[in-house]
Amino acid sequence: MGCFTFIKVMMILFNMAIFLGGGTLLGVGIWVTVDGQSFLDIFGTLSSSVLQVVNVSYFLIVIGAILLVIGFLGCCSAQKESQCLLMMFFSVVLIIFIAEIAAAVVALVYTGLAETLLTAVVTPLLREKYGADKSFTDIWNVTMMEVHCCGLNNYTDFTDSPWHKEHKTYPESCCNDKQPCNDTLAANSEVTGCFAQILKEIKTNAGVVGGVAAGIAALEIAAMVVAMYLYCHLDQK
């Protein structure tokens with residue numbers, strides 16, 4: 001019983017940390033949604049380039065909600081010694097693990113498809129919101145400044161955007177910070193799109209990305225093994 005009790009306590013503490021982490025991410029996601037400008041003022045220069053390209057608020061809310069569910073199931077299943085909750089916890093972690101593997105394979109094999117899908121989603125948003133939505137505009141300005149890129153693919157992503165219609169120019173990052181950033185200067189500057197630039201950064205830091213991915217996978221496998229151990233021990237009782 002000593003080993004069983006130790007593993008049970010460790011599972012409760014581990015999942016409590018996951019629950020608190022999920023609550024924190026969910027809170028930050030809601031904060032960014034409600035007041036994105038204040039988030040940028042505090043963390044803008046330190047934020048991840050990848051997270052700035054996607055809508056960081058919805059990303060954090062989704063991840064936070066998933067972690068909350070996992071942490072809650074893990075704590076309750078271990079505390080109550082419920083086989084039903086343990087199996088539910090195991091199933092949720094397994095589904096997430098399989099989804100991550102599938103996403104990684106798709107990202108590696110179908111990079112072109114991912115670019116096409118992102119272009120279909122992000123480009124219309126840029127032409128609709130850049131220059132009209134202050135938070136959206138600030139996020140993209142910080143992203144392009146830090147990553148040294150322009151738009152998702154190139155400067156033409158901003159054509160007919162509210163900013164382009166009002167100022168008749170493109171963002172300064174599209175012209176290597178030269179002004180005025182008109183069609184001719186933007187075309188001659190040949191600044192790389194953010195998607196290609198971020199892919200280049202990921203490939204450059206492939207070791208770090210792989211290490212983080214392997215660490216997350218190891219934690220998920222360990223969680224499933226512990227859950228199954230507790231489940232089988234309770235079945236024997």
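In this predicted model, the count of aromatic pairs comes to 3. One of them joins Y130 and W163, whose ring centres lie 6.1 Å apart; with the planes at 70°, above the limit of 60 degrees, the pair is edge-to-face. Y130 is located in the loop between α6 and α7, whereas W163 belongs to helix α8 (residues 162–167), so the contact ties together parts of the chain that are 33 residues apart in sequence. The two partners were assigned to separate burial classes: Y130, at 2% relative accessibility, counts as buried, while W163, at 29%, counts as partly exposed. Y130 and W163 also form one aromatic cluster with F158.

F158 appears again in the nonpolar interior. The largest nonpolar core comprises 21 residues, and F158 is listed with W140, M144, Y170 and C174 as having the most contacts inside it. Two or more residues of this core come from each of the elements α6 (111–129), α7 (134–147) and α10 (194–204). The greatest contribution is that of α7, which supplies 4 residues. A second core, separate from this one, contains 20 residues, among them I7, M11, C76 and F90.

Charged side chains form 2 salt bridges in the structure. In one, the side chains of K8 and E81 meet at an N to O distance of 2.9 Å. K8 lies in helix α1 (residues 2–34) and E81 in the loop between α4 (56–80) and α5 (83–109); the pair thus links distant parts of the chain, 73 residues apart. K8 has a relative accessibility of 17% and therefore counts as buried, the cut-off for that class being under 20%. E81, at 29%, counts as partly exposed.

The other salt bridge is formed by D138 with K134, and its closest N and O atoms are 3.1 Å apart. Both residues lie in helix α7, and because they are 4 residues apart, about one helical turn separates them. This is the helix that gives the most residues to the largest nonpolar core. The accessibilities of the two partners fall on opposite sides of the classification: D138 counts as buried at 17% relative accessibility, whereas K134 is exposed, with a relative accessible area of 57%.

Methods. Residues numbered from 1 in each chain as written. Predicted model: local features only at pLDDT ≥ 70, side-chain atom pairs only at ≥ 80, totals over all residues. Heavy atoms only, no water. Core = buried A, V, L, I, M, F, W, Y, C linked by side-chain atoms within 4.5 Å. Buried < 20%, exposed > 50% of the residue type's maximum accessible area, 1.4 Å probe, protein only. Phe/Tyr/Trp six-rings, centres within 6.5 Å; stacked < 30°, edge-to-face > 60°. Salt bridge = Lys/Arg side-chain N within 4 Å of Asp/Glu carboxyl O.
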